[in-house]
Amino acid sequence: MELQIRDLSKTYGNGVHALNGVTLTIPLGMYGLLGPNGAGKSTLMRTLATLQEPDSGSIRLGALDVLRSKDEMRRTLGYLPQEFGVYPNVRAERLLEHFAVLKGIPRRARKEVVEALLRQTNLWNVRREKLDGFSGGMRQRFGVAVALLGNPKLIIVDEPTAGLDPAERVRFLNLLSELGENSIVILSTHIVEDVVELCSRMAIIDRGEILLEAEPLRSVAELRGRIWRRIVSRDELPEVERRHAVISTRLLAGRTVVHVYGVASPGNEFELVEPGLEDVYFSVMGRHHGRVEVVS
Ligand code: ADP
């Protein structure tokens, strides 16, 4: 089964082109949708989740015409939004049972389904505790339990790790990685590491356009031998930016580390480095914004 998104466009009332002819084919497994804030990720996720209408385009999940069969899509969809909204003063187990009723899970199966999900998301021991006392990580895992009700074929996870501390983030990503085995899981994020660690395929989106569709590891390998590093002082930076195809600059212990794209060495002061997905991301973004001329 595949999710096929064809030529999807959306312009908001204020004139913002949030989606501009987006075409993607998403196979079974974990799929990363990577892009900066404002790229159009949430618009795309909400459209897939049938929460809003596109202006044009089509979406197919296997044989299902999603935009024409919204009710059917909703039955087979798990959606974990960025913000889960208000956390009620209700015990976790009770609330999950309530969502199971809404999802149409028959009474005789309900108890078993709820228990299995609470165990899978590692919330079994706190099932009698109230949600408004949960940590950020526990809330996210509860969101996953809700999203998994009814064995969805498509699971959409929108910016999930933003508010989590490092330990919670690892636990949450491990949980997600188990889901990709039997369903399509789309992970929308602006955090490059989330994609490296989890996704076998990905797309980079910016200003409503898909800039790259790739296997993360392969796209990193293609940059091998082309990413050069130099540590510069603050005064040297403008000159380096003028003369070279700088794809990223970042501070490291008070110094500025510059990454430059080049088929050949840009100069003696530079050393060749092993590329990472960040280099892929920033070179693609730099090219899109006309800052970096990348010749392949
Ligand atoms: P992302 O999830 O990648 O941050 P969004 O899909 O939220 O991107 O937003 C894409 C663009 O559309 C942004 O410029 C945003 O300001 C704009 N936008 C999002 N929602 C609305 C809306 N309801 N009305 C008007 N503009 C919107």
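What share of the contacts between residues at least 6 apart in sequence joins residues at least 24 apart? In this predicted model, the share is 69%. The chain contains 10 helices and 14 strands. Along the principal axes, its C-alpha atoms fill a box of roughly 70 × 40 × 35 Å.

The chain has 296 residues, of which 49% count as buried. Its accessible surface amounts to about 15100 Å², and carbon and sulfur atoms account for 47% of that area. Charged side chains comprise 39 positive and 38 negative charges, whose mean positions lie 6 Å apart. Across the whole structure, 14 salt bridges are found.

Two of the salt bridges were examined within individual helices. In the first case, E115 is bridged to R119, with a distance of 2.9 Å between the closest N and O atoms. Both residues belong to helix α4, which spans residues 107–120, and their separation of 4 residues corresponds to about one turn of the helix. E115 has a relative accessibility of 30% and therefore counts as partly exposed. R119, with a relative accessible area of 46%, is likewise partly exposed.

In the second case, E239 and R242 form a salt bridge in which the closest N and O atoms are 2.5 Å apart. This pair is located in helix α9 (residues 237–243), where the two residues are 3 positions apart, again about one turn of the helix. E239 is partly exposed, because its relative accessibility is 35%. R242 counts as exposed, because its relative accessibility reaches 63%. Elsewhere, salt bridges with shared partners connect R169, D194 and E197 in one network.

A further salt bridge involves loop residues. The side chains of E274 and R224 meet at 2.9 Å, N to O. E274 is placed in the loop between β14 (271–272) and α10 (277–288), whereas R224 is placed in the loop between α8 (216–221) and β11 (227–232); the pair therefore ties together parts that are 50 residues apart in sequence. Both E274 and R224 are exposed.

Strand pairing was considered next. One open sheet consists of 4 strands in the order β2-β1-β4-β5, and the pairing is antiparallel. Its edges are formed by β2 (17–26) and β5 (64–65), each of which pairs on one side only. Within this sheet, strand β1 (residues 3–11) is paired with β4 in the antiparallel sense through 5 bridges. R6 stands opposite S58 of β4. On the other pairing, strand β4 (residues 56–61) is joined to β5 by 2 bridges, also in the antiparallel sense. Here R60 stands opposite D65 of β5. The hairpin formed by β4 and β5 has 2 residues between the strands, and G62 adopts a positive phi near 60° in this hairpin. As a general feature, side chains in a regular strand alternate between the two faces of the sheet.

The loop between α1 (41–48) and β4 contains T50. Is T50 buried or exposed? At 6% relative accessibility, T50 lies under the 20% limit and so counts as buried. Leaving aside residues up to four places away in sequence, T50 touches V66, K70, M73 and R74.

Strand β11 takes part in two of the pairings described here, one with β13 and one with β14. With strand β13 (residues 255–261), β11 runs antiparallel and is joined by 6 bridges. In that pairing, R229 has H259 of β13 as its bridge partner. With β14, the pairing is antiparallel and extends over 2 bridges. The bridge partner of W228 in β14 is L272. Both β11 and β14 also flank loops that carry the residues of the salt bridge between E274 and R224: R224 lies in the loop between α8 and β11, and E274 in the loop between β14 and α10.

Definitions and conventions. Residues numbered from 1 in each chain as written. Predicted model: local features only at pLDDT ≥ 70, side-chain atom pairs only at ≥ 80, totals over all residues. Heavy atoms only, no water. Buried < 20%, exposed > 50% of the residue type's maximum accessible area, 1.4 Å probe, protein only. Contact = heavy atoms within 4.5 Å. Areas by Shrake-Rupley, 256 points an atom, 1.4 Å probe, with all protein chains shown as cover. Lys, Arg positive; Asp, Glu negative; His and termini not counted. Charge placed at Lys NZ, Arg CZ, Asp CG, Glu CD. Salt bridge = Lys/Arg side-chain N within 4 Å of Asp/Glu carboxyl O. Pairing = 2+ DSSP bridges.
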